[in-house]
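Student: I have a model open and want to learn how to read it. Can we go feature by feature?

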Amino acid sequence: MTNYKGKVALVTGASAGIGKVYATELAAKGCHVILVARSKGKLDALASELTAAYGIRAFAIAQDLSKPEAVEALSEQIKHYGLQVNILINNAGFGTYGRFEDIPNEREQEEIALNIASLVAMNHQFLPDMQRRGDGVIVNVASVAAFQPSPYMAVYSATKAFVLSFSEALWAENRNRGVHILALCPGATQTEFFNVVGTEAAAGGSKLASPVDVVKAGFRGVDEKRSYIIAGTQNYWTSQASRFLPRKWVARLMERIVRPRTI
């Protein structure tokens, strides 16, 4: 079992959903936590709550990680606090939904910047110190959407396919260096994701999972030294089934499942 007590965990997208639950569970295990999101008010409230409940130190840093300079600014703030990151939870991200040509290019580029460029930068920033210490954990939150194309969420599923492939490659590079890297792949989950997307139709009729169950799967994936873990038995079998079907069949099937009701 991984020892979390007394370590420092950095959680992005920590103000709600999976990120908030991750921060809470890490604090309950004795971790000091660095909470990162855009909403300073929510972060401050959570930091106070976790400190009072678990006696750990909690630091709230408001940062928009989709901005090019954000990761470097975040790193400087962490150095200012005199902290070193032992555990990194890259949870920040969002999706878009609808016909590709109807979604503004600026919004898609912001999605790519946050879901991919920022995540890569975070790994670049904090992995080398973990390697030097021979100890660390990085969880990159991907999605079951990583396993097949998702029409009407074309950019989102492509970004998550990147996160999955990237994380598995880093897992292989670091598996004998004391640093464990995991791609956590949840399905549709009870978070603010669908508020940002604008509709629960993007879930394709799937029952929304609890973020608590998703985070439990993440901890299990780390303890079992997996390169990736899919949260939920049904999600696992659905994702694996796509490997044995022609890709165009999978794309057509997903188009019917996820198609907006107005089309």
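Tutor: Yes. Start with a loop. K225 is found in the loop between α7 (211-223) and β7 (228-230). Keep in mind that this is a predicted model.

Student: What is the phi of K225?

Tutor: General idea before the case. Most residues other than glycine have a negative phi. K225 is not a glycine, yet its phi is positive, near 60°.

Student: Is K225 buried or exposed?

Tutor: K225 counts as exposed, because its relative accessibility is 52% and the cut-off for exposed is over 50%.

Student: Which other residue shows a positive phi without being glycine?

Tutor: Y152, with phi near 75°. Y152 lies in the loop between β5 and α5. Its setting is buried, with a relative accessible area of 11%. Buried means under 20%, so Y152 qualifies at 11%.

Student: And where does a glycine with positive phi turn up?

Tutor: Just after α3. G82 follows that helix, and its phi is positive, near 75°.

Student: Let's stay with α3. Which of its residues are buried?

Tutor: To read a helix, mark the buried residues, then check where they point. In α3 the buried ones are A70, V71, L74, S75 and I78. They lie on the same side of α3, because their arc around the axis is only 135°.

Student: Which residues are exposed on the other side of α3?

Tutor: E72, K79 and H80 are exposed there.

Student: What do the buried residues of α3 pack against?

Tutor: Three strands and a helix: β1 (8-12), β2 (32-37), β3 (58-62) and α4.

Student: Now salt bridges. How many are there?

Tutor: To find one, look for a side-chain nitrogen of Lys or Arg within 4 Å of a carboxyl oxygen of Asp or Glu. The count here is seven salt bridges.

Student: Which residue pairs with K79?

Tutor: E76. Their side chains meet in a salt bridge at 3.7 Å, N to O. Both residues lie in helix α3 (residues 70-80). They are three residues apart, about one turn of the helix.

Student: How accessible are E76 and K79?

Tutor: E76 is partly exposed, with a relative accessible area of 44%. K79 is exposed, at 53%.

Student: Where is the salt bridge of D129 and R132?

Tutor: In helix α4 (residues 105-133). D129 and R132 are separated by about one helical turn, because they are three residues apart in that helix. The N to O distance of this salt bridge is 2.2 Å. D129 is partly exposed, at 33% relative accessible area. R132 counts as exposed, at 64%.

Student: Which residue forms a salt bridge with R226?

Tutor: E224 does. The closest N and O atoms are 2.7 Å apart. R226 counts as partly exposed, with 34% relative accessibility. E224 is partly exposed too, at 42%.

Student: On to empty space. How many cavities of 30 Å³ or more are there?

Tutor: A cavity is closed to the probe, and a pocket is open. There are three cavities of 30 Å³ or more. The largest cavity holds about 50 Å³ of space.

Student: What lines the largest cavity?

Tutor: Read a lining by residue, then by element, then by class. The residues are T12, L65, N90, N91, A92, L114, N115, S118, L119 and M122. The largest share, five residues, comes from α4. By class, the lining has five nonpolar, five polar and no charged residues.

Student: What is the volume of the second largest pocket?

Tutor: About 220 Å³. Of the 15 residues that line this pocket, the closest to its centre are G136, G178, V179, H180 and K225. The elements giving two or more residues to the lining are β5 (136-141), α5 (154-174) and β6 (179-185).

Student: K225 again. How many charged residues does the lining of that pocket have?

Tutor: Four charged, alongside seven polar and four nonpolar residues. For K225, put the pieces together. K225 sits in the loop between α7 and β7, its phi is positive, and K225 is among the lining residues closest to the centre of the second largest pocket.

Methods: Residues numbered from 1 in each chain as written. Predicted model: local features only at pLDDT ≥ 70, side-chain atom pairs only at ≥ 80, totals over all residues. Heavy atoms only, no water. Helix = DSSP H or I, 4+ residues; strand = E, 2+ residues; numbered from the N terminus. Buried < 20%, exposed > 50% of the residue type's maximum accessible area, 1.4 Å probe, protein only. 1 Å grid on protein atoms, 1.4 Å probe; cavity = no way out; pocket = protein on both sides within 12 Å on 5 of 7 lines; lining within 4 Å. Points joined across faces, edges and corners; volume = space filled by probe spheres on them. Nonpolar A, V, L, I, M, F, W, Y, C, P; charged D, E, K, R; others polar. Arc of directions from axis to C-beta. Contact = heavy atoms within 4.5 Å.
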